[in-house]
Amino acid sequence: MPGKFHIKTFGCQMNEYDSDKMADVLRAHEGMEATDKPEEADLILFNTCSIREKAEEKVFSDLGRVRPLKLANPDLLIAVGGCVASQEGAAILQRAPYVDVVFGPQTLHRLPQLLKARRESGRPQVDISFPEIEKFDHLPVPKITPGTAASSGSGQAYVSIMEGCSKYCTFCVVPYTRGEEVSRPLPDVMRDVQELAAQGVKEVTLLGQNVNAYRGMGDDGDTVDFAFLLQAIAALDGISRLRYTTSHPRDMAQRLIDVYATTPKLVSHLHLPVQSGSDRILAAMKRGHTVLEYKSIIRRVRAARPDICITSDFIVGFPGETEQDFEATMALIDEIGFDNSFSYLYSPRPGTPAAEIRDDTPLAVKALRLKRLQERIAAQENGVAQAMMGTTQRALVEGVSKKDAQELAARTDNNRVVNFSGAANLIGGFVEVKITQVVRHTLRGELVAVPK
């Protein structure tokens with residue numbers, strides 16, 4: 001009897017994508033079906049994230065919560081995948097000896113073999129190797145499945161185009177958990193996008209740790225860059241909108257910036273992490289760019305696409321950050337005018353160079369800095385929203401609103417969610433919506449038209 005599986009996902013969109021692929025593999029090779037109730041599952045998987053300490057500890061906390069299920073049902077299998085698995089490996093079994101399988105982001109396609117070996121040998125299985133892009137060659141053909149990150153009828157889907165990171169920022173554990181940057185061949189990416197378009201997907205989000213570092217092998221054996229890939233996908237019939245995340249300033253080449261001027265299908269939203277507005281801190285982070293270089297990129301992007309919205313990442317309280325360093329970050333925020341951000345207090349990760357840097361700044365000081373930063377960006381976010389009042393926006397209807405089950409939720413070109421009244425048959429298609437109200441982090445609107 002095939003049984004059921006339950007997946008809990010922590011972390012970024014790359015992990016959401018990987019969880020969808022785990023589900024695809026289990027359906028295709030094990031005949032299993034998903035359940036949102038862990039107590040009904042024959043297999044429980046945790047797809048983990050190790051970017052911040054709290055996320056890592058939450059994994060072990062959740063493992064403790066499912067331990068009674070294992071005690072009640074010895075046949076239940078528990079698997080831990082993702083970046084914590086890659087970082088900790090067999091050490092997870094020491095802390096949680098009831099775990100059956102530990103696997104890394106690059107070995108998720110081997111899950112059926114690992115489960116089989118566990119059942120046959122009775123011993124826990126660990127595979128956290130880095131077989132580059134082997135996993136993409138063994139994953140089922142992309143299929144839109146209810147309950148996944150790209151759910152049935154939503155009209156949008158994720159496509160991973162590369163794995164790993166070669167930047168080695170001093171605070172980041174990703175190169176050690178996902179390996180160095182490896183790009184998928186262009187024909188493989190195009191095949192996935194075409195398969196999704198054939199299933200009604202209209203918007204594709206390209207994923208990678210540093211997605212704009214993409215260098216894939218083309219049809220003729222030559223290497224193509226990220227700008228070429230974007231233009232190739234934009235030329236496909238059926239794909240109406242393109243997004244990507246997450247990018248790095250060092251790979252924001254002029255060829256890529258020029259695509260914003262020539263490719264309307266590429267959205268007017270760029271998420272470009274800067275982390276700090278202090279050159280001294282950027283050097284300590286080993287980011288490989290200066291504040292001036294970052295501002296130059298934004299200036300050129302806005303010249304190519306004047307209405308673009310910029311979002312970013314910030315780390316507050318990096319070891320050695322002074323009040324002057326923080327004020328430099330606030331000055332950058334004022335100068336750029338960000339639409340939104342992901343901002344966090346620095347969290348030391350074992351094995352990273354920054355974890356060895358002396359840090360004398362009190363936590364209370366860091367927390368106040370973070371509060372100031374988030375309030376400043378929230379004000380800028382509200383300003384962007386207010387500027388959208390009265391405008392008509394083309395938006396992709398993604399599903400039922402989370403705020404009101406009687407309404408629909410759609411996403412605008414600049415990545416804003418707008419809720420409006422409309423029929424369910426609009427889900428998965430584009431609509432024209434007039435913005436009538438700003439409600440915290442979302443908008444309200446009125447349906448104006450349904451484009452053909």
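Biologist: How far does helix α14 reach from its first C-alpha to its last?
Modeller: In this predicted model, helix α14 spans residues 363-388, a run of 26 residues. At 1.5 Å a residue, a reach of 38 Å is expected. The reach in the model is close to that value, at 38 Å.

Biologist: Which residues of α14 are buried?
Modeller: A residue counts as buried when its relative accessible area is under 20%. In α14, the buried residues are Lys366, Arg369, Leu370, Leu373, Ile377, Gln380, Glu381, Ala385 and Met388.

Biologist: Which residue takes a positive phi just after α14?
Modeller: The phi in question is about 85 degrees. The residue that takes it, just after α14, is Gly390.

Biologist: How many bridges join β20 to β21?
Modeller: Strand β20 (residues 430-439) also pairs with β17 (residues 392-400), in the antiparallel sense over 5 bridges; there, Ala395 stands opposite Val431. With β21 (residues 442-449), β20 again runs antiparallel, and Val439 has Thr442 as its bridge partner. The number of bridges between β20 and β21 is 7.

Biologist: Which residue takes a positive phi in the hairpin of β20 and β21?
Modeller: This hairpin has 2 residues between its strands. The positive phi is near 50 degrees, and it belongs to Arg440.

Biologist: Is Asn419 buried or exposed?
Modeller: Asn419 lies in strand β19 (residues 417-420). Beyond four places in sequence, its contacts include Leu408, Ala409, Thr442 and Leu443. Its relative accessible area is 4%, and the cut-off is 20%, so Asn419 is buried.

Biologist: Which strands stand at the edges of the sheet of 6 strands?
Modeller: The sheet is open and parallel, in the order β2-β1-β3-β4-β5-β6. An edge strand has a single partner, so one of its sides is left without a neighbour in the sheet. The edge strands are β2 (33-34) and β6 (125-127).

Biologist: What is the bridge partner of Ala79 in β5?
Modeller: Strands β4 (residues 77-82) and β5 (residues 101-103) run parallel and are joined by 2 bridges. In β5, the partner of Ala79 is Val101.

Biologist: At about what angle does α5 run to β5?
Modeller: Helix α5 (residues 111-121) packs on the sheet and touches β3, β4, β5 and β6. Another helix, α1 (residues 13-30), lies across β1, β2, β3 and β5, and runs at about 170 degrees to β1. For α5 and β5, the angle is about 155 degrees.

Biologist: Which strands are at the edges of the sheet of 3 strands?
Modeller: This sheet is open, with parallel pairing and the order β7-β10-β13. Each edge strand has a single partner, so one side of it lacks a neighbour in the sheet. The two edge strands are β7 (156-160) and β13 (241-245).

Biologist: Which residue in β13 is the bridge partner of Glu203?
Modeller: Strand β10 (residues 203-207) pairs with β13 in the parallel sense over 5 bridges. In β13, the partner of Glu203 is Arg241.

Biologist: Which residues are joined by a cis peptide bond?
Modeller: Omega is about 0 degrees at this bond. One of the two residues is in the loop between β13 and α10 (254-262). The cis bond joins Thr245 and Thr246.

Biologist: Is Gln275 buried or exposed?
Modeller: Gln275 is found in the loop between β14 (269-271) and α11 (279-285). It has a positive phi of about 75 degrees although it is not a glycine. With a relative accessibility of 8%, Gln275 counts as buried.

Biologist: Which residues touch the most other members of the largest nonpolar core?
Modeller: In soluble globular proteins, nonpolar side chains tend to be buried together. The largest core here has 55 residues. The residues that touch the most other members are Ile161, Leu206, Phe226, Leu229, Tyr244 and Met252.

Biologist: Over which residues does pLDDT stay under 50?
Modeller: The chain averages a pLDDT of 92, and 94% of the residues score at least 70. Where pLDDT is low, the predicted coordinates should not be read in detail. The stretch under 50 has 17 contacts beyond four places in sequence, and it covers residues 146-152.

Note on methods: Residues are numbered from 1 along each chain as its sequence is written. This is a predicted model: local features need pLDDT of at least 70, side-chain atom pairs count only at pLDDT 80 or more; totals for chains, interfaces and linings use all residues. Side-chain values use heavy atoms; hydrogens and water are left out. Helices (H or I, at least four residues) and strands (E, at least two) are DSSP runs, numbered from the N terminus. Buried means under 20% relative accessible area, exposed over 50%, partly exposed in between (1.4 Å probe, protein chains only). Contact means heavy atoms within 4.5 Å. Two strands pair if DSSP finds at least two bridges between them. Axes are lines fitted to C-alpha atoms, for helices over the stretch in contact, and angles run from 0 to 180 degrees between N-to-C directions. The expected span of a helix is 1.5 Å times one less than its number of residues. pLDDT is the predictor's confidence in each residue, from 0 to 100. A nonpolar core is a set of buried Ala, Val, Leu, Ile, Met, Phe, Trp, Tyr and Cys residues joined through side-chain atoms within 4.5 Å.
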